[in-house]
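This report goes through the helix packing and the nonpolar cores of one structure. The sequence and model are shown first.

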Amino acid sequence: MTTAATPSAVSSPPATQRGVPHTGGPENPSAAAARARFPEAVRRTSVVWGETTLVVAVDRALDVIRWLRDDPEQQYSYLSDVTAVEYRDPEEPITVVWHLRSLVHRRFLRVKAELPRGAPLEVDSVWPLYKAADWLERECFDMFGIRFRGHPDLRRILMWEQYAEGHPLRKDFPLRGRFSRAEQLRQALAANPEARYSMEELSIADATEDLPESMRQRLRSGERTGE
Amino acid sequence: MGVTTRAHLPTRVAYQPQSQEGWIATKLDFLVNWGRANSLWPMPFGTACCAIEFMATAASHFDLARFGMERMSFSPRQADVLICAGRVPFKLAPVIRQIWQQMPQPKWCISMGACASSGGMFDNYAVVQGIDTIIPVDVYVPGCPPRPEGLLYGIRLLQEKVMRERLSDTRALRTEISPDPSSRLYIPPPTIDELSEPFGNSVNQTRSGL
């Protein structure tokens, strides 16, 4: 079996790196390419434990990520994670983090965008580029309250949809929540466990015609998303 | 008959084949309880690491089948014991209550492990502080997670509890309990929260500075 034609960027077989310095060390070549391509958008880059971080402007993050995905020299075809960080220091901005991986070039790149304090927490969704961002961005919205513009279905995913206490991973969120235990339990028990699943979530809508009539009745009548 | 006996419990059924041709005399309570206690069908509700220990308990080395529990009931409608193994987040609270309500009478509940019994180390916004705030619990098994021996001991305690039940005891009628605001014993949840300041109790824990 012949190997598929791949770019010649992969030169050596994968091996565990040893003696990786804490900061510094060889930078991911994509960072320099991004600096050259988007000189005004790339704020700074850093290398920590051999992993390169690219900090970009919030309004250009989608452009940079699209270029990273589509440029034949980069081909970051795999989105590992979308998450966010809030620091103890109230002056520090909340940071949205994308973890990108280039399977072809065997590279890992961390892209960050800092959301300025005081402005609404909004950033463009990368869902048009990576369908994997769907649930990741929903989780990020649920935990931090960051709105992803262009997300097709931005609602809570971990907490239930009527959850009224806020966004739990924010630093101003009390560890035990805002309500008393009794109130939390009362609200949780008031939820209808059958109302957690929507037609679109089950992706059963496409197959509606193939379902037995009884199940179609059931889906049509009662089971709502609970929004 | 291999019936577990303790001094305070009904004694073993004496049966002498020479003199008793095809009949025995016993108490109905004993017979019913004996049948129930030795054929408890568990409904495993495993949400966390306790479920691993529960699986070990059910596997061949510890062999839950010795106590008549070889049949795991993955439908609550054919189950006698709800074994809640692991932490229960608030999002699961209505689910576990619905499962409990779907189980037919008579039914019992074992709360396995620290998290199911009290919330354990997860004293945070997401985790129910003990499933006894949602459903009645018969036996609490401490541990994080409990060893299989611990769970087996809890099951033996539950069997003992089942053996003590009396059909004539109306208190043993297992009605579904829901809070009755007209009762003089009813305390509204906000009042419980107020009363429990500043120390808190197992259900309503006092807010810390965070």
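The sections below cover the fold of one chain, two helix pairs and two cores.

## Basis and overall fold

The model is predicted. In chain B, the secondary structure amounts to six helices and four strands. Their order along the sequence of chain B is α-β-α-β-α-β-α-β-α-α.

Chain B has 210 residues, of which 30% count as buried. Among contacts in chain B with a separation of 6 or more, 73% join residues 24 or more positions apart.

## A helix pair within chain B

Helix α1 of chain B spans residues 28-37, and helix α5 of chain B spans residues 148-163. Their axes come within 8 Å and cross at roughly 160°. An angle over 145 degrees counts as roughly antiparallel, and α1(B) and α5(B) are therefore roughly antiparallel to each other. The crossing of these two helices, α1(B) and α5(B), is right-handed.

On the α1(B) side, the residues that meet α5(B) are B:Asn33, B:Arg36 and B:Ala37. Their counterparts in α5(B) are B:Gln159, B:Val162 and B:Met163. Sorted by class, the contact of α1(B) with α5(B) holds three nonpolar, two polar and one charged residues.

## A helix pair between chains A and B

Helix α4 of chain A (residues 181-190) packs with helix α3 of chain B (residues 93-102). The angle is about 65°, and the axes are 7 Å apart. α4(A) passes α3(B) in a right-handed crossing.

Chain A contributes A:Leu185, A:Ala188 and A:Leu189 of α4(A) to this contact. From α3(B) come B:Ala93, B:Pro94 and B:Arg97. The residues of the contact of α4(A) with α3(B) comprise five nonpolar, no polar and one charged.

## Nonpolar cores

In soluble globular proteins, nonpolar side chains tend to be buried together. The largest nonpolar core here has 43 residues. Which of its residues touch the most other members? They are B:Val81, B:Leu82, B:Ile83, B:Cys84, B:Ala93, B:Ile96 and B:Met112. B:Ala93 also takes part in the contact of α3(B) with α4(A).

Setting aside neighbours within four places in sequence, B:Val81 is in contact with B:Leu40, B:Pro42 and B:Met43. The other contacts of B:Val81, with those neighbours again left aside, are B:Trp108, B:Cys109, B:Ile110 and B:Leu158. Apart from the largest core lies another core, of 35 residues, including A:Ala34, A:Ala61, A:Leu68 and A:Ala84.

Definitions and conventions:
Residues numbered from 1 in each chain as written. Chains lettered and ligands numbered in written order. Predicted model: local features only at pLDDT ≥ 70, side-chain atom pairs only at ≥ 80, totals over all residues. Axes fitted to C-alpha atoms, helices over the stretch in contact; angles between N-to-C directions. Left-handed = near helix turned anticlockwise from the far one by under 90°. Contact = placed C-beta atoms within 7 Å. Nonpolar A, V, L, I, M, F, W, Y, C, P; charged D, E, K, R; others polar. Core = buried A, V, L, I, M, F, W, Y, C linked by C-beta atoms within 7 Å. Buried ≥ 20, exposed ≤ 12 C-beta atoms within 10 Å, placed from the backbone. Parallel < 35°, antiparallel > 145°, perpendicular 65-115°, else oblique.
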